[in-house]
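Colleague: I am new to this structure and should like to understand the terms used for it. Please show me how each one is justified.

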Amino acid sequence: MTPSFGRILILLSLLVSTTGAVLGYAAGWKQSAEGLKWARRFAFAFAFLMIAATFVMEYALMAHDFSVSYVAQVGSRDVPLWVTIVSLWSSLEGSILFWGFILGVYIAGATWLTRTEHLDYMAYTIGTWLFCGSFFSFLIAGPASPFHTVAIPPMDGPGPNPLLQNHVLMAIHPPFLYLGYVGMTIPFGFATAALLRGRLGQSFLRPLRAALLLPWIFLTIAIMLGGWWAYEVLGWGGYWAWDPVENASLLPWLTATAALHSALVMERRGSLKGWTVTLVQASFLLTILGTFMTRSGVFNSVHSFTQSSIGPTILVFLAAILIGSVTLLAMRIDSLESDSRFEGPVSREGFFLINNLLFVLFTFTVLIGTVFPLVVEAIRGKQMSVGRPYFDSMVVPIGATLLFILGVGPALPWGRATRDQAKRALLPPLIGAAIVAAIGLALGVRNPWTLVTLAFGGYAAQVTLGQMWLPVIQRIRRGDSAGHALIDSQLRRGRRRFGAYLIHAGAVIVIVAIAVSSTMRTQQEVRLDRGQSATVGKYTFTFTGLEQKSEPHRVSTLAHFDVFKGGGPGGGSKVTSLAPRMNQYTAMRDPLGTPDVHTTLKGDIYLSILNIEGDAVSVNVILTPMVGWIWWAVLLMGAGGIIALLPFSPAAGEKVPQADEGAVRLGAREVAAP
Amino acid sequence: MSTVMNHPSASDVMRRRSRLFMIGAFVVAAIAFMVIAAGGINKNLVYYWTPTDLHAAGDKAYGATIRLGGMVAPGSIKKNPGISALEFDVKDGGGIVHVKSAGVPPQMFRENIGVVVEGTMDRGGYFKCNRLMVSHNNEYRAPKNGHPVDKKQMEKYIKDAQ
């Protein structure tokens, strides 16, 4: 009963999205207002069907209806309720359905928000969205159907992959990742419509930029949550391993970040339109490539939980989108460009350009390293991977340069800067650079790359903070009250600017924290009998004993440690108690460890069990400075993004660009507004 | 969009020239990048080999980073006292490789289990392992339709592992 109901909803959504896509393109071609109206209705219908199908699945999961194939595959009566709820995205079929759900929500929201605007683009836009929707409906209906009927339902199921049950972050990370990934469909639709129309007007920049920024925020946080999860669960004490699945989430983030910057140049100078559109298309393509890499089982990775047959289907979709995008770009890119002169490299737009080139370089570096083993295996049938040192040695210089650009770029004015202007803008932040580098030296940083990063970070921090508070100071000087100046320039009128600099501030902290935490960590394996102590770095660890804990879905062995600073029990002061554990899940043969972490502002104390033999335990002790800064600095970036995204309704009398200034018209017929 | 004129103006020529220059610089930079990237990849390849592959590779095996996958040969595990110095043999159908590892083996490490060891082949005739991973065999067989979960089997798994 339930499975057939779900199947019907999915088949309907396939029908609705396919029809809506064809209708949207036809309406765009004919510039028909009536057609656009119907395309909108189909978009809402698609969203409704996808959301309904997902609710049917959630209902089946919670009711333990094992006649639904997906529930039989991942459900269990023994697991806690939250695990049951998040089981929706714990395995391939459910996660593709979840993808459809998010796509539905995004399409409905974006269709609603643009109901009165950009009428001449929207039919093509909705058509493109629904084209993507029809592909995912097809996946859910066919190759990855979660709604098969199980003829004789089992009494109980195995539960989701224990690696996913092991930490609550697994309930949060995938939704953020999907909100980021799927959200890239929306700017892709806008950009494709601009290409199909052969123009990209000033007023169309706003929805494009907002549509890019929202998934960017989610993706930023998702990447951090993924790293945090790896750190908290996998037990090797790191947060990033250049694993193909991690790279898959990073790639679209890099191009989207580049696109957000070039969109700003596009807005200010009217140039780089074709380039921005290319980056938007690339971001979407990379999300599909990422889905292929993570969901087709071509990689054997800690994060790839599924082996399935949807790979070829995704590859076909990827090829179709790639060919379509490249063809469209080749045909239309010239018509997007408006006349604008590049005034000189020592200017803000000059540095935007360098920023963009660096991000693209970064993208290619990661892409080549990730895809190379696949290509080799496909051609020569040999299995290999590209080791970490490749990524580290390539990315560290690029990252450091990006940090440098992040400092210098915003200090420079738009247009050509005179020698005097450049001097006045660029010399003072050297103080910040010197201070931060000196602090690093005093605290024992000796790695040259880390010192360079600290200096660049100090430089960028001074520029960023200066720029962030500049409008407030200017207003106070002009006689505004401090409170009014603060609220108006940071949270109302200048919200976008303030948000952008918050993101920059967060990025500076993240890059510095990555540099410090990856070069300054201490790691040691120790084996202790009960009551014994070992000293690592400044800390002494005393093993006080083992403890067994039983839960319905797992049995855990906890190893209790007391951590002292300085000379051990009695000698130093107690810092904390840590209890890393080994978990034995009922659904899994091999035990799974969970490290325990004590986080402070200075750094983390990290313990993970390697081995328990009788009364002795072997643990990996890892001391990493500054690692906790990464998590909250990324949240700061997210907060900045949200501040920049919130719409600002200007007071009366303020000029808002509405007309399509600077747009090049290609003899397009004007749309008759409904 | 360049302006359409019969005679290109001086600024048009300038712009075309600077555009050509930009494209040229871009191509040079792209080639340089590809060369650096290709070199970086080449130096850092990690090969996935079995003991058979390793023997077949002969002298080429020295120096390369290798992920060696196979079974821990029964009776081959030698644990020297203290934290480090673990020795064992990894075998597959066609060969045996002697492995020396510094570091604590993971909880599941035992005879006849699948392992992946990452490291390099030493001239001294053994494989120097920097990282020892037990291949997880997490494939839990879901109960057949209509059959209840075999709790006894599960409990046995747990006991085995402890």
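Modeller: Let us begin with one residue pair: A:Thr599 stands opposite A:Asp604 in β10(A). This is a predicted model, in which local features need pLDDT of at least 70, side-chain atom pairs count only at pLDDT 80 or more, and totals for chains, interfaces and linings use all residues. Residues are numbered from 1 along each chain as its sequence is written, and chains are lettered from A and ligands numbered from 1 in the order in which they are written.

Colleague: What makes β9(A) and β10 of chain A a pair?

Modeller: Two strands pair if DSSP finds at least two bridges between them. Four bridges join β9(A) to β10 (residues 603-613), so the condition is met, and the two strands run antiparallel. Strands themselves (E, at least two residues) are DSSP runs, as are helices (H or I, at least four), and both are numbered from the N terminus.

Colleague: Which strands of chain A form the open sheet, and in what order?

Modeller: The order is β2-β11-β10-β9, with antiparallel pairing. At the edges are β2 (522-528) and β9 (596-599) of chain A, each of which pairs on one side only. From one strand to the next the twist averages 15°; axes here are lines fitted to C-alpha atoms, for helices over the stretch in contact, and angles run from 0 to 180 degrees between N-to-C directions.

Colleague: Why does A:Ile10 count as buried?

Modeller: A residue is buried if 20 or more other C-beta atoms lie within 10 Å of its own, exposed if 12 or fewer, and partly exposed in between, with C-beta atoms placed from the backbone. A:Ile10 has 26 C-beta neighbours inside 10 Å and therefore counts as buried. This residue belongs to helix α1 (residues 2-30) of chain A.

Colleague: With which residues is A:Ile10 in contact, leaving aside its neighbours within four places in sequence?

Modeller: They are A:Ala53, A:Ser137, A:Ile140, A:Ala141 and A:Phe147. Contact requires that the C-beta atoms of two residues, placed from the backbone, lie within 7 Å. Among contacts in chain A between residues at least 6 apart in sequence, 74% join residues at least 24 apart.

Colleague: What is called a nonpolar core, and how many residues has the largest one?

Modeller: The term denotes a set of buried Ala, Val, Leu, Ile, Met, Phe, Trp, Tyr and Cys residues joined through C-beta atoms within 7 Å. The largest such core has 186 residues, and A:Phe46, A:Ala194, A:Leu212, A:Val508 and A:Ala513 have the most contacts inside it. Its largest share, 20 residues, comes from helix α10 (residues 202-233) of chain A. A second, separate core of 21 residues includes A:Val526, A:Leu607, A:Val617 and B:Val104.

Colleague: How do you know that the radius of gyration of chain A agrees with that of a compact globule?

Modeller: The radius of gyration is taken over C-alpha atoms, and the globule rule is 2.2 Å times the number of residues to the power 0.38. For 674 residues a compact globule would have a value near 26 Å; chain A has 27 Å, which agrees. Buried residues make up 52% of this chain, and its C-alpha atoms fill a box of roughly 85 × 75 × 55 Å along the principal axes.

Colleague: What are the domains of the two chains?

Modeller: Domain bounds come from an automatic or database domain assignment. Chain A has domain 1 (1-165), domain 2 (204-426), domain 3 (428-520 + 633-645) and domain 4 (522-625). Chain B is divided into domain 1 (12-44) and domain 2 (46-134), whose centres, taken over C-alpha atoms, are 43 Å apart.

Colleague: What makes β4(B) and β5 of chain B a pair, and what joins them?

Modeller: Seven bridges connect β4(B) with β5 (residues 95-101) of chain B in the antiparallel sense, so the requirement for pairing is satisfied. A hairpin joins these strands through two residues, and B:Asp89 has B:His98 in β5(B) as its bridge partner.

Colleague: Where in the hairpin of β6(B) and β7(B) is there a positive phi?

Modeller: B:Gly125 takes a positive phi near 90° in that hairpin, which has five residues between the strands. β6(B) and β7 (residues 127-134) of chain B pair in the antiparallel sense over seven bridges, and B:Met121 is matched with B:Phe127 in β7(B) as its bridge partner.
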